[in-house]
Amino acid sequence: MARPMWTGVLTFSLVSVPVALYTATQSHDVHFHQLQRGTSDRVRNKRVNERTGKEVDYADIVKGYEVTEGEYVIVEPDELEQISPGRSRTIDIAGFVDLADVDPIFFDKTYYLGPRGKEYQKVYALLVEALEHAGKAGLAMFAMRGKEYLTAVRSEGGLLELHTMHFADEVRNPHSEEVASKPPTDFDAIADALYVLAPTAFTAARNERADEVKKSDPQLAKAIRRGAPELPAGLDRGP
């Protein structure tokens, strides 16, 4: 049985459901060790002072934020612990949003939320059904592993999923990055591009369209199947 990575209570309004959080994905990446060529000796990384070249003990390492080149604000481990959001004991749903209104680019990682015991399955099932019927997701702030996340809880396949989400300022604007290009306005140019990129799909769609018009105009159907650049005489391509 999978081990939960977090346990707590999911709440909204007057409803509270003890839940457990499970990872929804797993990596199948192959990991390698670094060895010295010709041997089976492992190669280790050491923490070394950049200026002196000497190894530094872990206890002597602090974090620093560079404000200007070579100038740092030092933050001690206990100071980081004090400003850390800590660990949430609850997932408090503050509001709901239509799933259709959420752009998928805002979703980051996915987790499963399950009831933390058989005695809570009925209440859990009611929440699953309510969210599914409404087509909505509950929004909540949630702290885990020293970081606070914006999350969305939704119903999917008879269970609850929790998605960590990106904040709006974390999503890059493709237009400012010159990623997007202006779409062509000429229909013939679009058709030619589709034919080059996906000739099989284009041919299938063309034949399907020919079948649709076959009953009303056999001459036009033949032209479509040939992929003729010009329509039969007397037929206008339209604006």
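The expected span of a helix is 1.5 Å times one less than its number of residues. I kept that rule at hand while going through this predicted model.

**Entry 1: overall count**

I began with the inventory. The chain holds five helices and 10 strands. It has 239 residues, and 20% of them count as buried. I then looked at sequence separation in the contacts: of those between residues at least 6 apart in sequence, 51% join residues at least 24 apart.

**Entry 2: helix H2**

I checked H2 against the span rule. The helix has 14 residues, and its first and last C-alpha atoms lie 20 Å apart, close to the 20 Å expected at 1.5 Å a residue.

Which residues of H2 are buried? I found Tyr124, Leu127, Val128 and Leu131. Viewed down the helix axis, the buried residues of H2 fall within an arc of 100 degrees, so they line one face of the helix. On the other side of H2 I noted Lys122, Leu126, Glu129 and His133 as exposed.

Just after H2, I recorded a positive phi of about 65 degrees at glycine 135.

**Entry 3: the sheet**

I traced the strand order next. Eight strands make an open sheet with mixed pairing, in the order S5-S1-S2-S7-S10-S9-S8-S6. S5 (90-92) and S6 (95-98) are the edge strands, each pairing on one side only. On average, neighbouring strands of this sheet are turned by 40 degrees against each other, direction ignored.

I went through several pairs one at a time.

- S1 and S2 run antiparallel and are joined by seven bridges. Threonine 11 stands opposite serine 16 in S2. Their hairpin has two residues between the strands, and serine 13 there takes a positive phi near 55 degrees.
- S2 and S7 run antiparallel, with five bridges between them. I found proline 115 in S7 as the bridge partner of valine 19.
- S7 and S10 pair in the antiparallel sense over five bridges. Leucine 113 stands opposite leucine 160 in S10.
- S8 and S9 are antiparallel over seven bridges. Phenylalanine 142 has tyrosine 149 in S9 as its bridge partner. These two strands form a hairpin with two residues between them, and arginine 145 in the turn has a positive phi of about 55 degrees.
- S6 and S8 are antiparallel over four bridges. Glycine 95 has leucine 139 in S8 as its bridge partner.

I then asked where H2 sits relative to these strands. H2 lies across S1, S2, S6, S7, S8, S9 and S10, and runs at about 65 degrees to S10.

**Entry 4: the nonpolar core**

I looked up the largest nonpolar core and found 20 residues in it. Those with the most contacts inside this core are Leu10, Leu21, Ile91, Leu113, Leu160 and Leu162. At least two core residues come from each of S1 (6-12), S2 (15-23), S7 (107-115), H2 (121-134), S8 (136-144), S9 (147-156) and S10 (159-165). Which element gives the largest share of this core? It is H2, with four residues.

**Entry 5: leucine 160**

I listed the contacts of leucine 160, leaving out residues up to four places away in sequence. Leucine 160 touches Leu10, Tyr111, Tyr112, Leu113, Tyr124, Leu127, Val128, Leu131, Val153, Arg154 and Ser155. The buried residues of H2, namely Tyr124, Leu127, Val128 and Leu131, appear in that contact list.

**Entry 6: leucine 131**

Leucine 131 belongs to helix H2. I checked whether leucine 131 is buried or exposed. Its relative accessibility is 6%, and the cut-off for buried is under 20%, so leucine 131 counts as buried.

With residues up to four places away in sequence left out, leucine 131 touches Phe96, Lys136, Val153, Arg154, Ser155 and Leu160. I also took one distance: the C-alpha atoms of leucine 131 and valine 153 are separated by 8.9 Å, with their positions 22 residues apart along the chain counted as separation.

**Entry 7: methionine 144**

Methionine 144 lies in strand S8. I read 5% relative accessibility for methionine 144, which therefore counts as buried. Methionine 144 and arginine 89 are 55 residues apart in sequence, and their C-alpha atoms are 9.6 Å apart in space.

Notes: Residues are numbered from 1 along each chain as its sequence is written. This is a predicted model: local features need pLDDT of at least 70, side-chain atom pairs count only at pLDDT 80 or more; totals for chains, interfaces and linings use all residues. Side-chain values use heavy atoms; hydrogens and water are left out. A nonpolar core is a set of buried Ala, Val, Leu, Ile, Met, Phe, Trp, Tyr and Cys residues joined through side-chain atoms within 4.5 Å. Buried means under 20% relative accessible area, exposed over 50%, partly exposed in between (1.4 Å probe, protein chains only). Contact means heavy atoms within 4.5 Å. The arc is that of the directions from the helix axis to the C-beta atoms. Two strands pair if DSSP finds at least two bridges between them. Axes are lines fitted to C-alpha atoms, for helices over the stretch in contact, and angles run from 0 to 180 degrees between N-to-C directions.
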